[in-house]
Structure formats: structure tokens, C-alpha cells
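Here's a quick tour for anyone opening this one up for the first time. Have a look at the structure, then read on.

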Amino acid sequence: MSHQEPVARRMYDLIEPIGLTPYFADESDQALLSLGLRNQWDAYFAGRAAPFGRSVPAEVVHAVFYNFAPGEVARHIPKVWDLTTPEAALAARERGCVAGLRRILGDLADAPGVERAADLLLKAAISAPVEGRALYAALRALPVPQAPLARLWHAATLLREHRGDGHIVALLAEGIGGTEAHVLHALSVDMPAHEFGRIGHLPAAQLDAVIDGMRDRGLVGADGWLTSAGRAAKERVEAMTDRLAEAPYNALDADEIDRLVKELEPISAAVQADFPW
């Protein structure tokens, strides 16, 4: 690992593929849809919002998830809780994700490295302060799975949402709204905002208004691409996100970090090779 590269950035590259299992492995959606949910977005909101329980309204989920357009959360929360329970959704999500990882990893799923990685990753994942991190705190309140592959996925999810909570802080510090965050990301990788999957479905006038607001603030130029100020804002957001994501890894010493990287590399590579990035 480069001494110049933040630990959180290196770990993000290894952990993010595992944390994305609910969104790319068909087994997760299948397990949730088997509960009677109507579609993949029902599955998304039921699975991800379940740690908050059924009484948290759409407005709160919208605030915590941050980057959905107005009204999108309310199409699914609280309706999903008329169809299933948070407890059933949590169990189905874990069951589906573990099945997906087992299919992807093959024999590697039962290799000793999975358990070693799970133990180290969990040590980091449950060590960080919860203050100011609503979704991470909700996940921390859940029981830790015992099976190594399930424990690995659970730890990766904790760390992904810990980082996500910090990312929202970084966006807020830059004055970047939820839909704006998607525009900022799309343009930073040279993709027109209207083609980015998470916002491409929005009415053109709605998305144009968001882009116009960013243009008025000097983040987007007349050509529709990021200005130097826009790119600088994106870099500041990513740097702050990395800084705020460091805390869990302070629980591991340098040797443990190196061992964790070694164990995660083949797992993460296998997952990345399977997912349609």
C-alpha cells in the first residue's frame, strides 16, 4: 500500500464491491421480492431502510439517503411495510447477498481467508463513533451474523454506510444537494448528466433546473461540463470523505491492515469481475 494513499481510500477500493452486492447480485433482489415486494426499488428501499424499522417516515429516509429526487422515497416508504416487515427484509437481504457472494466466489467462499478477512473487517467496522452517522448507527444496532461470509458482507456494509454518512457531510459542507451530487459525479467522469443512470430518468426540465443552479454557482460552465471550480469542489468532497472514513481503520495496526488487504484482494477482484460496472 502506498504511504501517500489514505488507508480509507485503499480500503474503499477493496470493500465497495462487496458492499454493492445488494445492488448487483440478482439473489438479493430475488430474496426480497419473494416477500411480496412489487419491484426492484421496493427491494432497495426495504432492504436499505429496514434498520430504521417501520415507523420512520419517508421524509427521514429521504434525508438519510440524501441523493434521491423529491418524492422518490415516498413511492416506496412506508408502502413496503404493508407488504413485509423490516425484520423479514433484513433477513432476506442478508440471505440473498450471501447467496450471491457464494455464487460469485465459488470455492473461495469457504476459504480460510474469508473468515480472516471478516474478523479484521468487523473489528474495524464496529469501532468507529456513531455520532452524526444515522445509517451506520442503525446498522450497528443489528446482530452480527456468525457465518464467516455473512459476517464479511455485514462488515463491508457497515463500513460502506459509515463512509456514505461521511460523504453526505462532505457534500453538505460544499453546498452540494442530493441530485447535484449525481450531476457532479457524472460530469467528473466525462458523462453527460442526462445519461447517468441514477438521474437519467428524471424529467428533462427538472434535471436542467438542477444543472442551471450549478451553472449559476460557477460549478458548471456554459458548455455543460464542470468548470475548474466544479472540479475543485469534487476533489474537496472526495478528500473530506476519505478523511471522515479513516476512523474505523484506527482500530487496526499496520500489520493488521496489511493482512486485511492481502485477504480482501482476491475476494474483491472476484466480485469486481462478476459485476457489470
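What follows is a short briefing on some helix packing, a few buried residues and some backbone oddities.

Keep in mind that this is a predicted model, where local features need pLDDT of at least 70, side-chain atom pairs count only at pLDDT 80 or more, and totals for chains, interfaces and linings use all residues. Residues are numbered from 1 along each chain as its sequence is written, and side-chain values use heavy atoms, with hydrogens and water left out.

**Helices that pack on helix 10**

- Helices here are DSSP runs (H or I, at least four residues), numbered from the N terminus.
- Helix 1 (residues 7-19) and helix 10 (residues 148-173) have axes that come within 9 Å and cross at roughly 125°; axes are lines fitted to C-alpha atoms over the stretch in contact, and angles run from 0 to 180 degrees between N-to-C directions.
- The two helices are therefore oblique to each other (under 35 degrees counts as roughly parallel, over 145 as roughly antiparallel, 65 to 115 as roughly perpendicular and the rest as oblique).
- Helix 1 makes a left-handed crossing with helix 10 (left-handed means the near helix is turned anticlockwise from the far one by less than a right angle, right-handed clockwise).
- Among the residues in contact (heavy atoms within 4.5 Å) are Tyr 12 and Ile 15 of helix 1, and Trp 153 and Leu 159 of helix 10.
- That contact between helix 1 and helix 10 divides into eight nonpolar, one polar and four charged residues (Ala, Val, Leu, Ile, Met, Phe, Trp, Tyr, Cys and Pro count as nonpolar, Asp, Glu, Lys and Arg as charged, and the others, Gly among them, as polar).
- Helix 7 (residues 86-105) also packs with helix 10, at about 110° with the axes 9 Å apart, and that makes the pair roughly perpendicular.
- This crossing of helix 7 and helix 10 is right-handed, with contacts that include Cys 97 and Leu 101 of helix 7 and Trp 153 of helix 10.

**Helix 11 meets helix 13**

- Helix 11 (residues 178-188) and helix 13 (residues 228-244) pack at about 110°, with axes 10 Å apart, which makes them roughly perpendicular.
- Leu 184, His 185, Leu 187 and Ser 188 of helix 11 touch Gly 230, Arg 231 and Lys 234 of helix 13, a mix of two nonpolar, three polar and two charged residues.

**What's tucked away**

- In helix 5 (residues 58-65), the buried residues are Ala 58, Val 61, Val 64 and Phe 65 (buried means under 20% relative accessible area, exposed over 50%, partly exposed in between, with a 1.4 Å probe and protein chains only).
- Those buried residues of helix 5 fall within an arc of 125° seen down the axis, so they line one face of the helix; the arc is that of the directions from the helix axis to the C-beta atoms.
- Helix 4 (40-49), helix 9 (134-140) and helix 10 are included in what covers them.
- His 154 sits in helix 10 and counts as buried at 7% relative accessibility.

**Backbone oddities**

- Tyr 66, just after helix 5, has a positive phi of about 75°, and Tyr 66 is buried at 15% relative accessible area.
- Asp 190 has a positive phi too, near 65°, but at 56% relative accessibility Asp 190 counts as exposed.
- The peptide bond from Ile 77 to Pro 78 is cis, with omega near 10°, and Pro 78 lies in the loop between helix 5 and helix 6 (80-83).
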